[in-house]
Structure formats: C-alpha cells, structure tokens
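Hello,

Here is the structure I promised to pass on to you. Have a look at it first, and then read on for my notes.

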Amino acid sequence: MAAKVPGDDLNAPGGLGNAQGSAGSNGTASGTATGDAAAEQSGEGSDDDADEHVTGATAAAGEGGAKKKKNKKKKKPKKKKALTVQTEPPSVLISQLFPNNNYPKGEEVEYTDENRYRTTDEEKRHLDNINSDFLSDYRQAAEAHRQVRQWAQKIIKPGQTLTEIANGIEDSVRRLVGHDGLSEGDAIIAGMGFPTGLNLDEIAAHFSPNAGNKTVLQQNNVMKVDIGVHVNGRIVDSAFTMAFDPMYDNLLAAVKDATNTGVREAGIDVRLGELGGLIQEAMESYECEINGTVYPIKPIRNIGGHTIVPYSIHGTKSVPAVKTDDTTKMEEGDVFAIETFGSTGNGWVYDQGEVSHYALRSDAPTVDLRLSSAKSLLNTIKKNFGTLPFCRRYLDRLGQEKYLLGVWHAQSLDMYLERLTIGQLNNLVKSGIVEDYPPLIDKKGSYTAQFEHKFEPTSDL
Ligand SMILES: [Co+2]
C-alpha cells in the first residue's frame, strides 16, 4: 500500500489542476496479447514453483485431488519425500505445507556494498533466535503472499470483474492462513493486511472495488495489484503490475528497474533522500511508446515506500522516488516496503473518487459518539481490524451473518445496511477516529505502474 511522501521539497506541479475522471477504458489499441505479462514479475521469491502446483484438472477436484496426486507420487521410487502440494485456487494451509513453523526464508538480497551489511553472521543468528516468533509470523505471511500472488498472476485475465479478482485473492489469502475473518476478532489474528488494490491505468493506488462495482478488466488496461497479508499483525506488503498489451512493456520495465534499484541500494545508514535519487535515475532512463506517442517515464513524486510496524502499514519513515533533502537513515530493525510508481502522466497523484480504504488512527482522539450505530461500527472496526487498513467490502462480509438472518427482502436490506454503514463510517472519518485513503490518481488518460517488495536491513525474512 502506498504511503504519501511528505516533504517541502516535493513541489506539486503548477497549473495542472486536479486529475480528472475515473479509471478504466482509456486507449484504443487492441494490440496483440503477450499472454501473461506479469508472469515474469520480480517479486521477492519470484522463483518458479510451478512444480509445487497441481494441474488444473487435479485442482478441479480440490484437496481430494491433491491428495490423490500426492499418493501417486509416493509410489514413484525417485520421489523420496511426499510433497504436500498447493491447490488452484490456493486452499492448503501454509502451516500444513511447512510444519513446525519451518517457513522458507526470504530471498537473499545482494548488496552492492558489503560493508553496509554490518551485522555478523553470529549476531544475525542471535537476532533471529530472539525474534523467532516475529520471524515465523513474517515468513508465514510472506509464503502465503507468494503462493497467492503466483496463482493470481496465472489466472487474472481480461474479461474478469475487479470484484471477482479481489474476492479470489482475498479468499485464497484467508484460506492459506486459516482465518476466514467472519467470526468476531478472527481477521485480526491473520488474514488481509490491507484491502487488495486493483488500480487501473491512471489510478496509481488505493482503489478496491466497493459493493456493486461492475468494472471489467480490459485487454488494454494497466493494472497494479497490491496485496497485503498479515499474521499476528506482521504485514507483508508487495505489489506488481499486469498488462496484456506489449506496448506497455517499457513502462513496466522502468518501474521494475527502479524498485529493484531501491532494494539493491538500500541498507543500514543509507539516507532516504539519496536512495530516492538512485530510484529516480533508474526510472527516468526509460521511455515508452503508447499508441504512437513516446512518453518519458516519470517517477510519481508524492507516493513511495515506507516502514511497516506491527498492525500499522505506514510507519514513520518514507522512501521517496526522487532525490530529496531527507537525511533520515535506514536503521537496523526497520522493515521497509520499497515501492515505486512510474507514470506517463504528471508524476503526481491527487485524491479522487469514491473511497474504499480506511484505517483506525493509532492516535485517534477520544470522541463522545452520540449515535449508538457509530459506536457499534467503531467497536466492530477495533475488534476485527485494530489499526489494519480495511475496505467497505470487509465490513460488508462481517455483516453477512446478520444479513442472512433477515429472511425477506435480503437485497434491499443489504442496500439499506450498506448506506447506514457508509454514513457512520463518514462520521468516524469526520471525527478524526478513522482515516480514509481515497484513490490516488494521476492525469486522466495516463498510465501508471508499480512494483513493491519488502526489505529488512538486517535479517532475511
Ligand atoms: Co506499500
């Protein structure tokens, strides 16, 4: 999830006005499909685990099918270990695939300057040990993220609705961490770390379909998929971009390069403003021809990476995508989400459109809420999400049990309760208790892309 980058040295573009319009069907090119352009996304752990997945035919049989395959494999003498395999869509608990909390470590990050990596192996092992619960939660979340991400990259295709894509991703995440989030307080144990961002074209971040959204993914869309998974509040935040037309290849390549540069050059004592400069340099070395016009790729200056702290997606430090005077250093113990956005537009985003993302403020003032419905909603938010970001759909599904008790006029009752909820949500936002995160949108008709990885300066997560 993107963090707004504070800083006086980031000048808003003058006279550009606000971004206009909504996402969707910009552009007219039909082009030829490259198939799955994001299949070669560069997520941490973008290693191929195709052989861990059962085939489509087996997947149709669900877990039973997976078991059958497993038994078959057992009989073959060359397979010494019985593989527990993931299904499609993902449904096998990560804790079952990796018993005894023995989750895979994150990929090793190569540092350009070895000296930055001050911690010795011995110190590192010690840190690993004292933090083993925290590490195991992180690694479980990261593995769930990786498996759902790889499945999503394979199955997302034009013609699907954003709602079905979001639900498919979120249901999978919840199954893999073993918490459906439907009973009170379950979502706060493990599940979605924030709303799934499905951001089309000029929408850079913070869009997730609300109830009733009918948007269909088009062949010529550029979609940023931002997924958050948490286990005990340890949030893994990682994003990728999908395009189905090869004319966007250079846009995606620019942003991938910029993010990889950020990860590669990050380390203890690195100054965030300088890191931004390196990211900017990588991004601006690209241009992209779209429908006959050549666009320089600009970094989006007012959103970027951020630290992550337990149950809170945005810590206090931010990683700009351009050079700034910020001399804040990366420090041991920080967990960073390194994310960069590139654009064919202004390289600057504005808040615009219907809000889907919200989060309880950690510094929420104590306000005497007069309406009992507002109190009750606040209670629901506190118990189920704490300070984790959530979206309207997450509230809708919590009400489902209640809705199901209403035996007649279910649809109009749903709509009535939805409006009531939004009204109370707005009250909580106005009272300063809940923060809203409107969609962040660049110039109408522009295209934006995003790649994001987690980075931790000391231990490999
Ligand atoms: Co983020």
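A good place to start is strand β12, which is joined by 2 bridges to strand β16 (residues 440–441), the two running antiparallel. Within that pairing, aspartate 351 sits opposite leucine 440 of β16. Both strands belong to an open sheet of 3 strands, in the order β3-β16-β12 and with antiparallel pairing. β3 and β12 (350–351) are the edge strands, each with a single partner, so one side of each has no neighbour in the sheet.

Before going further, please keep in mind that this is a predicted model. The average pLDDT of the protein chain is 80, and 73% of the residues score at least 70. Two stretches call for caution. Over residues 15–70 the pLDDT is below 50, although this stretch has 104 contacts in the model beyond near neighbours in sequence. Residues 107–120 also stay under 50, and for them the model has 20 contacts beyond four places in sequence. Where pLDDT is low, the predicted coordinates should not be read in detail.

Next, the annotated site. The unreviewed UniProt entry has a "binding site" annotation that covers His206 and His314. They span 109 residues in sequence, yet no two of their C-alpha atoms are more than 13.5 Å apart, so they gather at one spot.

Where does histidine 206 lie? Its place is the loop between β3 (203–205) and β4 (222–231). Histidine 206 counts as buried because it has 27 C-beta neighbours inside 10 Å. Leaving out residues up to four places away in sequence, histidine 206 touches Ala2, Gly197, His357, Tyr437, Pro438, Pro439 and Leu440. Leu440 may ring a bell: leucine 440 is the residue in β16 that stands opposite aspartate 351.

Histidine 314 is in a loop too, the one between β9 (303–307) and β10 (318–319). With 21 other C-beta atoms within 10 Å, histidine 314 is buried. Again leaving out residues up to four places away in sequence, histidine 314 touches Ala3 and His306.

His306 leads us on to strand β11, since histidine 306 stands opposite alanine 337 in β11. β9 and β11 pair in the antiparallel sense over 2 bridges. Strand β8 (residues 298–299) also pairs with β11 in the antiparallel sense over 2 bridges, and here lysine 298 has serine 343 as its bridge partner. Strand β17 (residues 448–455) is joined to β11 by 8 bridges and runs antiparallel to it; in this pair isoleucine 338 is opposite histidine 453.

Are the residues of β11 (residues 336–343) buried or exposed? The strand is mostly covered, with 8 of its 8 residues buried. In a regular strand the side chains alternate between the two faces of the sheet. In β11, Phe336, Ile338, Thr340 and Gly342 point one way and Ala337, Glu339, Phe341 and Ser343 the other.

Finally, a helix to look at. Helix α6 (residues 162–177) has 16 residues, which at 1.5 Å a residue should span 22 Å; its end C-alpha atoms are 23 Å apart, so the two values agree. Among the buried residues of α6 are Leu162, Ile165, Glu170, Arg174 and Arg175. After α6 comes glycine 178, with a positive phi near 75°.

Enjoy exploring it!

Best wishes

Notes:
Residues are numbered from 1 along each chain as its sequence is written. pLDDT is the predictor's confidence in each residue, from 0 to 100. Two residues are in contact if their C-beta atoms, placed from the backbone, lie within 7 Å. UniProt positions are given in the numbering used here, feature names are shortened, and annotations may be inferred rather than shown by experiment. Helices (H or I, at least four residues) and strands (E, at least two) are DSSP runs, numbered from the N terminus. A residue is buried if 20 or more other C-beta atoms lie within 10 Å of its own, exposed if 12 or fewer, and partly exposed in between; C-beta atoms are placed from the backbone. The expected span of a helix is 1.5 Å times one less than its number of residues. Two strands pair if DSSP finds at least two bridges between them.
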